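Here is a short briefing on a structure. Look it over first, then read the points below.

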Amino acid sequence: MGTVLSVESVSKRFQLYHNRPMTLKESAIRWLTGRHEMANAFWALRDVTFAVEQGQALGIIGHNGAGKSTMLRLLCGLGRPTSGRIRREGHASGLLDLGSGFHPDMTGRENIMTGGLLSGLSRREVLACEQEIIAFAELEEFIDEPVRTYSSGMYLRLAFATAMHFDPDVLIIDEVLAVGDARFQQKCLERLATFRATGKTLILTSHVPDQIRKLCDEVLVLEEGQVVMQGDPESALRCYEDLMRQRTERRAAQVFGAEAPPSLVIEQGSRQGTQEASIEAIRLANVHGEIVDSIQSGEGLIIELEYRFTRPMPDLILSLAIYNEAHIKCFETIIQSLRAVFGPLNERGRLVCRFPSLPLVAGHYYINPGLYPTDWSYVYDYHWQMHAVSIIGETDAISEVSGVAALHPTWSVDL
Amino acid sequence: MQRYKLARYFTARDKSPYTRHFIYHFDLLRHLVWRDYTLRYKHSVLGMLWSLLLPLAQLLVLVFLFQAVVPLNIEAYPAFVFCAILPWGWFSSSLSTACGLFINNRDLVRHPSFAPASLAIINTLSNLIMFLVALPLLMIVLFAYRRAMTPALLLLPLLLLIQGVLTAGLSLIVATWNVFYRDVQHIVIVALTLLFYLTPVFYRPQAVAARYQIVYQLNPIAVLIKAYRAIFFEGTYPSVDSLLFAALASATIYALGYMVYNRQQHDIIDKI
């Protein structure tokens with residue numbers, strides 16, 4: 001059991017103008033005016049150190065732009081760290097961004113040959129396992145079509161099958177398992193489990209906590225190019241969720257803080273979850289459909305939840321609760337199976353909840369919606385005290401009321 | 001050597017690791033050259049026939065121009081031109097396609113176990129196929145004009161090797177620079193047009209005034225073209241001096257090309 005990969009205080013800097021091709025004229029001007037090149041530098045990774053033992057499965061998590069993909073590319077030997085050192089032993093195979101592994105004009109079969117030869121097999125050996133690859137990728141009909149005609153799912157299937165069958169010592173996978181249907185994902189996960197059982201090393205990034213839990217025995221959390229923690233999957237995922245919530249809070253402060261009327265922003269609230277399914281926006285309307293942020297007590301309220309799935313969701317749980325400022329739950333409704341009630345949902349859409357009347361006493365209330373997997377195992381998205389609504393009491397009331405429910409008693413004196 | 005593990009398992013019985021190594025590299029090179037060659041003719045009706053049609057068209061134009069319009073009075077002119085057009089065509093098509101080497105082969109450049117510099121060799125070899133396909137035709141033309149076939153023809157592989165090294169070296173330079181400055185591909189087109197006239201493809205260098213002869217002595221591709229003409233058309237041996245110079249120049253340019261590439265190697269991957 002030796003160290004297969006070791007990363008020693010690696011940093012990577014990108015020049016931002018590198019994103020577009022530069023012409024001679026531009027660089028001549030830059031040279032003549034003596035503009036300093038480092039002005040637009042961006043550090044994708046800063047002083048990252050870790051090691052991977054043979055047979056280990058390392059997960060790398062972090063929000064978009066945390067440096068995960070840059071790290072994986074460096075591990076594959078693509079590009080050189082600006083400082084620090086990476087040592088790798090054995091043959092690595094990478095499933096990095098879709099669209100760069102195959103030549104678009106060559107057929108699937110020709111691309112298999114290219115991949116196989118590059119992985120160190122001879123022509124005869126590639127031909128020997130070609131059939132197996134095609135069968136695994138389930139591409140029998142399309143294998144002689146140019147790869148550019150493939151859908152992203154087909155592309156992934158071919159890429160995965162090719163990478164797995166050429167027996168790499170280290171397999172590096174960047175998020176790609178998110179593509180493809182659930183059944184093929186399952187097949188990939190099983191194949192990866194067998195791969196691991198043979199003592200091979202796996203490094204992957206994923207946004208799906210379940211995949212990280214199932215596949216990895218060590219997880220690295222990256223935030224803004226730096227390692228925040230390295231540890232077992234559970235504590236790493238907790239750390240990641242904490243980071244996620246902090247980010248969401250900062251973001252919520254920017255987005256919602258600017259839009260909501262100042263009087264309503266009493267507590268900023270928080271948001272947590274993996275965001276695989278998320279509630280993008282909430283709109284409150286009165287019974288006439290006018291957007292409002294306050295209603296009369298007893299008046300009707302329409303709550304529109306705009307949701308978005310990052311991948312197809314077979315089913316999920318929705319909760320919608322109304323809390324008051326004292327954090328007391330006034331009302332909650334839970335739909336245990338959105339599919340059973342509404343049928344299959346699109347990846348984007350709007351769920352509408354209508355309250356014909358909202359008999360709550362005057363005050364500030366919060367609408368707290370949540371989306372969960374069917375087994376409540378974790379949270380996709382939960383908004384806590386982020387969306388406020390004011391209930392205005394009737395002015396002609398003869399008594400002062402408090403509490404939660406607006407019950408409208410009538411008073412009289414019996415003599 | 002880890003990467004050959006599975007491969008060894010398949011054929012361990014009958015082949016030594018050394019043979020395996022050789023088979024592996026041979027298979028890889030053959031596949032990539034074939035891939036490069038077929039990609040060029042994908043979606044074209046005539047396909048590989050273009051390898052023949054292109055030099056033939058060039059030949060017709062030059063023959064018409066310099067036999068009928070501006071007669072140069074060179075005997076067996078079609079044979080004279082054809083034996084220079086083929087090596088020139090190899091050189092110029094290699095260099096003009098070399099600009100896109102790294103940009104158009106992202107899938108290879110980004111493969112963990114592929115050395116991008118080999119693309120220059122692959123491209124040079126796949127363009128050589130065009131030359132080789134047209135070679136029998138050249139033989140027919142030479143035969144039709146009753147040119148003598150001499151043992152000097154045996155020098156052809158050597159000339160091909162020298163030109164191949166020269167082309168691969170220059171390809172590395174333009175391919176690397178073109179990743180950073182897309183202007184290079186346009187400059188190469190202009191430079192090739194200019195060079196075409198500075199290379200004795202359709203005329204005799206002897207017809208040029210003595211003070212310009214230095215151009216033909218210092219331009220390695222001109223030296224090579226003269227050598228091809230010597231073995232094909234004149235049936236004589238090219239001078240040892242000129243071949244030595246060409247070989248030396250090619251090796252130097254290849255070393256230079258590799259240095260240019262090697263310095264930028266890691267930035268290329270970040271840029272494409």
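In chain B, the axes of helix α7 (residues 118–144) and helix α11 (residues 220–234) come within 11 Å and cross at roughly 45°. This is a predicted model. The points below start with this helix pair, then turn to a buried serine in chain B, a sheet in chain A and a buried glutamate in chain A.

**Two helices in chain B**
- Angles under 35 degrees count as roughly parallel, and 65 to 115 as roughly perpendicular.
- The crossing angle of roughly 45° fits neither class, so α7(B) and α11(B) are oblique to each other.
- From α7(B), the residues in the contact are B:F131, B:L135, B:L138, B:M139 and B:L142.
- They meet B:Y228, B:F232 and B:F233 in α11(B).
- Sorted by class, this contact has 8 nonpolar residues, with no polar and no charged ones.

**A buried serine in chain B**
- B:S94 sits in helix α4 of chain B, which covers residues 77–98.
- Is B:S94 buried or exposed? Its relative accessibility is 0%, so B:S94 counts as buried; the cut-off for buried is under 20%.
- Setting aside neighbours within four places in sequence, B:S94 is in contact with B:G89, B:N123, B:T124, B:N127, B:T167 and B:S171.

**A sheet in chain A**
- Strands of a sheet pair through backbone hydrogen bonds, either parallel or antiparallel.
- Here 3 strands of chain A form an open sheet in the order β2-β1-β4, and the pairing is antiparallel.
- Which strands stand at the edges? They are β2 (41–53) and β4 (83–88) of chain A.
- Each edge strand has a single partner strand, so one side of each is left without a neighbour in the sheet.
- Ignoring direction, neighbouring strands of this sheet are turned by 20° against each other on average.
- Strand β1 (residues 3–15) of chain A is joined to β4(A) by 5 bridges.
- On this strand pair, A:V7 stands opposite A:I86 in β4(A).

**A buried glutamate in chain A**
- A:E125 lies in helix α4 of chain A, which spans residues 123–137.
- The relative accessible area of A:E125 is 3%, so this residue is buried.
- What does the side chain of A:E125 reach? The side chain reaches the backbone nitrogen of A:S122 at 2.8 Å.

**Chain A as a whole**
- Chain A has 9 helices and 19 strands.
- Of its 415 residues, 49% count as buried.
- Among contacts in chain A with a separation of 6 or more, 71% come from residues 24 or more positions apart.

Note on methods
Residues are numbered from 1 along each chain as its sequence is written. Chains are lettered from A and ligands numbered from 1 in the order in which they are written. This is a predicted model: local features need pLDDT of at least 70, side-chain atom pairs count only at pLDDT 80 or more; totals for chains, interfaces and linings use all residues. Side-chain values use heavy atoms; hydrogens and water are left out. Helices (H or I, at least four residues) and strands (E, at least two) are DSSP runs, numbered from the N terminus. Buried means under 20% relative accessible area, exposed over 50%, partly exposed in between (1.4 Å probe, protein chains only). Contact means heavy atoms within 4.5 Å. A polar contact is a pair of N or O atoms within 3.5 Å; within protein, one must be able to donate a hydrogen and the other to accept it, and residues adjacent in sequence count only if both atoms are side-chain atoms. Axes are lines fitted to C-alpha atoms, for helices over the stretch in contact, and angles run from 0 to 180 degrees between N-to-C directions. Angles under 35 degrees count as roughly parallel, over 145 as roughly antiparallel, 65 to 115 as roughly perpendicular and the rest as oblique. Ala, Val, Leu, Ile, Met, Phe, Trp, Tyr, Cys and Pro count as nonpolar, Asp, Glu, Lys and Arg as charged, and the others, Gly among them, as polar. Two strands pair if DSSP finds at least two bridges between them.
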